[in-house]
Amino acid sequence: MKTLLPSPHLSALARLNRTLGSKAYAGARFVILVDENTYAHCLVPLVSTVARLQEAELLEVPVGEECKDLAIAQQLCESLLESGADRDTVLINLGGGCVSDLGGFVAAGYKRGIRHINIPTTLVGMIDAAIGGKTAVNLAGSKNQVGFFHQPVAVCVEPAFLDTLPADEMKSGLGEMLKTLLIGDPDQYITLCNMLIDGNVDLPDSLIASCVDIKSTIVKADPYDRGVRRILNLGHTFGHAIEAFSHTQGQRPLSHGKAVGIGLVAALYLSVQKLGLDETELTRCRQAVGRLVDIPRYTLRDTEGILSYMRQDKKNADGQIRCVLLQAPGAPVIDLPVPEPELRTALLKL
């Protein structure tokens, strides 16, 4: 996977323009996958900078998790087939994590695999979802239950696209950024926490680049998620379940990044209890996450609903719910079985 970041003299899109003009793409045809938002705000800057994409075909899907559906994936494959797309076709996924998840899934399955390039337009996409080759759609209300490992040939990280995002969407990405820096760069994690606690959300590009480097390094060491890559799931066993539960009747819907932030607080609570993590780390994390989202107060009934989703987590084994916890910043521990009463307590202590 080639990562294209801005340089002092070239934007990431300009670097993509050079890449697509190389011999590796001489015979390729291009299809751009967008959602309604990226069609309106990001497509013109892309095609005006990247000459090879000016004649690309276009496919559009709904915004958000709604698009990560097997029926929509089938429709996209049928559209590719009807247009005559062959194995030299390159699918360009222009959007946030949902677009890259869906587009990567389609690219992995169509003709037994075609090339795809991710151009993330959200902070969550730039630092996490677009990197690593995990592609998936949802099934029966549970996230990412059907998918493939299929690496993009390139990821183009253009921070200028963040200017198109509403503030609330940026906050979602910052939840995922806290997790990445906490496991990979504790000093920058403290910098970000202090920024958030002080009310400063003017995000430097250097923090984005650090997160891209952290995740790329981890993925390179464990591309199929069989070992060290699992540290990236810190906060996600709780976070995915909290996100799914928030979309049930009577709850306030939460974005992925905000749910991960809440899950991070729950995971650090357990880390204090089970691994001796310094409690000041839990306090710092709770304060920073509290700047991004109103941390919910869950009832006993709520915790049972959340636990029902946690029982479906893909990382579970031997009938046990397994979590990533933290001994210290930069020192995660994977695959720890946690009894349900302890999980419930962590949710109630939020």
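A cavity, as the word is used here, is a set of grid points where a 1.4 Å probe fits but cannot get out. The exercises below apply this to a predicted model.

**Exercise 1.** Determine how many cavities of 30 Å³ or more the model holds, and describe the lining of the largest one.

*Solution.* Step one is the count, which by this rule comes to two cavities of 30 Å³ or more. Step two is the volume: the largest cavity encloses about 140 Å³ of space. Step three turns to the 13 residues that line the largest cavity, among which Lys-143, Gln-145, His-240, Tyr-309 and Asp-313 lie nearest its centre. Step four assigns the lining to elements, and those giving two or more residues to the largest cavity are β7 (142-149), α10 (236-246) and α13 (300-310); α10 gives the most, with four residues. Step five sorts the lining of the largest cavity by class, which yields four nonpolar, six polar and three charged residues.

**Exercise 2.** Identify which elements each supply at least two residues of the lining of the second largest cavity, and give the classes of its lining residues.

*Solution.* Begin with the volume of the second largest cavity, which is about 50 Å³. Its lining includes Ser-100, Gly-104, His-116, Asn-118, Lys-134 and His-150. At the level of elements, α5 (97-109), β5 (115-120) and β6 (134-139) each supply at least two residues of this lining. By class, the lining of the second largest cavity divides into four nonpolar residues, seven polar and one charged.

**Exercise 3.** Work out the strand order of the six-stranded open sheet, and explain why β1 and β3 each have one side without a neighbour in the sheet.

*Solution.* First, write down the order, in which the six strands of the open sheet follow one another as β1-β8-β5-β4-β2-β3, with parallel pairing. Next, look at the edges: β1 (2-4) and β3 (57-61) stand there with a single partner strand each, so one side of each is left without a neighbour in the sheet. From one strand to the next, the twist averages 20 degrees.

**Exercise 4.** Describe how β2 is joined to β3, and state which helix lies across these two strands.

*Solution.* Start with the pairing, in which five bridges join β2 (residues 29-35) to β3, the two strands running parallel. At the level of residues, Val-34 stands opposite Glu-60 in β3. Finally, add the helix: α4 (residues 70-82) lies across β2 and β3, and α4 runs at about 165 degrees to β3.

Technical notes. Residues numbered from 1 in each chain as written. Predicted model: local features only at pLDDT ≥ 70, side-chain atom pairs only at ≥ 80, totals over all residues. Heavy atoms only, no water. Pairing = 2+ DSSP bridges. Axes fitted to C-alpha atoms, helices over the stretch in contact; angles between N-to-C directions. Contact = heavy atoms within 4.5 Å. 1 Å grid on protein atoms, 1.4 Å probe; cavity = no way out; pocket = protein on both sides within 12 Å on 5 of 7 lines; lining within 4 Å. Points joined across faces, edges and corners; volume = space filled by probe spheres on them. Nonpolar A, V, L, I, M, F, W, Y, C, P; charged D, E, K, R; others polar.
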